[in-house]
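Subject: Handing over a structure, with notes on what was found

Dear colleague,

Here is the structure I promised to pass on to you. Please open it beside this message, and then read the notes below with the chain in view.

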Amino acid sequence: MNEKNIFFLLAIPIILSIIFLAIYDELNVNKFLANIQKDTNLIINLEDKGKWEFYPSIEYENMVSAKGIVSNVVIDKSKIRFLKNYWPLSPLHLELDSPSIQFEGLTFRNSSVKAKYSNQIIDISKFKAKLIDGDIDTEGKISVDENKSIQLNGSFNNISLNTILEQANIARWDRVNIKIASPRYNLVTTYKSKESLIANLNGLMKIKGSVFFISTEEERFGAALLSLLVDKVASLSSVSKSISYLLDRFADVPSAITGELQFINGTISTKDLLLQNNNGRALITAQIDMLSNNINGKINFYEKDSIFVEAVIKGNLQNPEILIGGEVFAENGSTSPRDIKKIFEEGIQSLVDSLLDRND
């Protein structure tokens, strides 16, 4: 055996040792988790001793739990797995299966994540989970450098908007049930703070779903009584027609909703979001400030091709003001909108009684 062959044989284990040490240092679990904690503000706990495998690639598996230091994130005891090829420049692959991930009041159940990490970029090829009664399927990139940016795109279905608003302590709606799906959405933001996560949110979301407005027997009885009193009290005409229209066309029947939402620096806006069923249709234009949870919008309800009732919605999502006007109010020369939400809350019968007392 000549000197070149001897040198080559001696060099092989040295080179392999250098490669292994480089990879092992990158896969130093405590060091890696410490970096993740620093970058994401998560307190991460390893539940077991962990298991290593070194062929055909380096693999590490353990049970892990985590909790956010700043944000309201809780990851229940979950199975985590790291994989690394022997080539030093290859990315670090990560797999996570979690029974529960809680984020800002929302619970993602039976979550499955596949991602790879390289150059301070987490590239998510799969994030699937159950959310309320529906499913979410997402991919994207998370930068853990000083930019701390997030890019997500994916889809979801059968998500109750009511439950999301309630779990996130934004609003509780008892009279209307909304379920939505998105065949495709694209969102970008930063996560330096909770405020920046919302204030820098931009993107587009296609949506479709259903809306169900719940009425009561008392309201229908009051609307019928109101229509009988129109001849006696002329000022009741516009209110009576608008209430009857809304109850007859949109109450207690599912209406389909389709359109898209635009996210612009923490504001959700929509133009001509279509709401329709076999009885009627309406177009919704609105803006929602996600930091203040304030809404400023308009719903135009159509009779054939004309706007019959116009509803203006403004204020906090928890208790917005809903003012109605439109063509039906112009019939008797009145242009002043009426607070339809207040009428329904106080009861149509109460309105009838007060008007009768006023006109006795």
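Which residue in β9 does G140 stand opposite? The residue opposite G140 is L152 in β9. Before going further, please keep in mind that this is a predicted model, and that the values that follow are computed from it.

Strands and hairpins

The pairing just mentioned belongs to a run of neighbouring strands that is worth following slowly. β7 and strand β8, which covers residues 134-143, pair in the antiparallel sense over nine bridges, and within that pairing D123 has K141 in β8 as its bridge partner. β8 in turn pairs with β9, again in the antiparallel sense, over eight bridges.

The turns of these hairpins also deserve a look. The hairpin of β7 and β8 has two residues between the strands, and I132 there takes a positive phi near 55°. In the hairpin of β8 and β9 there are five residues between the strands, and K148 takes a positive phi near 45°.

Another set of strands can be described in a similar way. Strand β11 (residues 202-213) pairs with strand β12 (residues 255-264) over nine bridges in the antiparallel sense, while six bridges join β12 to strand β13 (residues 267-276), with the two running antiparallel. A256 helps you to see how these pairings connect, as S210 stands opposite A256 in β12 and A256 stands opposite Q276 in β13. The hairpin of β12 and β13 has two residues between the strands, and in that hairpin N265 takes a positive phi near 50°.

Positive phi values elsewhere

Most residues other than glycine have a negative phi, so the following cases are worth finding in the model. Q120 is not a glycine, yet its phi is positive, near 65°, and its place is in the loop between β6 (106-118) and β7 (121-131). N158, which is likewise not a glycine, has a positive phi of about 55°, although it lies within strand β9, residues 149-160. Are these two residues buried, partly exposed or exposed? Q120 has a relative accessible area of 37%, so it counts as partly exposed, and N158, at 32%, is partly exposed too.

The core, and F156 with M205

In soluble globular proteins, nonpolar side chains tend to be buried together. The largest nonpolar core in this model has 55 residues, and those with the most contacts inside it are F108, F127, M205 and F301. M205 touches, beyond its neighbours up to four places away in sequence, a set of residues that includes F156, S182, Y185, L187 and F263.

F156 is found in strand β9, and it counts as buried because its relative accessible area is 11%. F156 and D135 are 21 residues apart in sequence, but their C-alpha atoms are 5.5 Å apart in space. With neighbours within four places in sequence left aside, the contacts of F156 are D135, I136, I180, A181, S182, Y185 and M205.

Aromatic rings, and N62 beside Y60

The count of aromatic pairs comes to eight. One of them joins Y60 and F82, which are stacked, with 6.5 Å from centre to centre and 20° between the planes. This pair links distant parts of the chain, since Y60 is in strand β3 and F82 is in strand β4 (residues 73-84), 22 residues apart. Y60 is buried, with a relative accessible area of 3%, and F82 counts as buried at 2%.

Y60 also leads to a polar residue, because a polar contact of 2.8 Å joins its side chain to that of N62. N62 has its place in strand β3, residues 58-68, and with a relative accessible area of 3% it is buried. Leaving aside neighbours within four places in sequence, N62 is in contact with several residues, among them L46, D48, S78 and I80.

Two further features complete the tour of the rings. Ring pairs link Y245, F250, F301 and F308 into a cluster, and F301 is also one of the residues named above for the most contacts inside the largest nonpolar core. R281, finally, lies over the face of Y302, at 4.4 Å from the ring centre.

With best wishes

Terms used:
Residues are numbered from 1 along each chain as its sequence is written. This is a predicted model: local features need pLDDT of at least 70, side-chain atom pairs count only at pLDDT 80 or more; totals for chains, interfaces and linings use all residues. Side-chain values use heavy atoms; hydrogens and water are left out. Helices (H or I, at least four residues) and strands (E, at least two) are DSSP runs, numbered from the N terminus. Buried means under 20% relative accessible area, exposed over 50%, partly exposed in between (1.4 Å probe, protein chains only). A nonpolar core is a set of buried Ala, Val, Leu, Ile, Met, Phe, Trp, Tyr and Cys residues joined through side-chain atoms within 4.5 Å. Contact means heavy atoms within 4.5 Å. A polar contact is a pair of N or O atoms within 3.5 Å; within protein, one must be able to donate a hydrogen and the other to accept it, and residues adjacent in sequence count only if both atoms are side-chain atoms. Rings of Phe, Tyr and Trp (its six-membered ring) pair if their centres lie within 6.5 Å; planes under 30 degrees apart count as stacked, over 60 as edge-to-face and the rest as tilted. A charge sits over a ring if NZ of Lys or CZ of Arg is within 6 Å of the ring centre and within 35 degrees of the ring normal. Two strands pair if DSSP finds at least two bridges between them.
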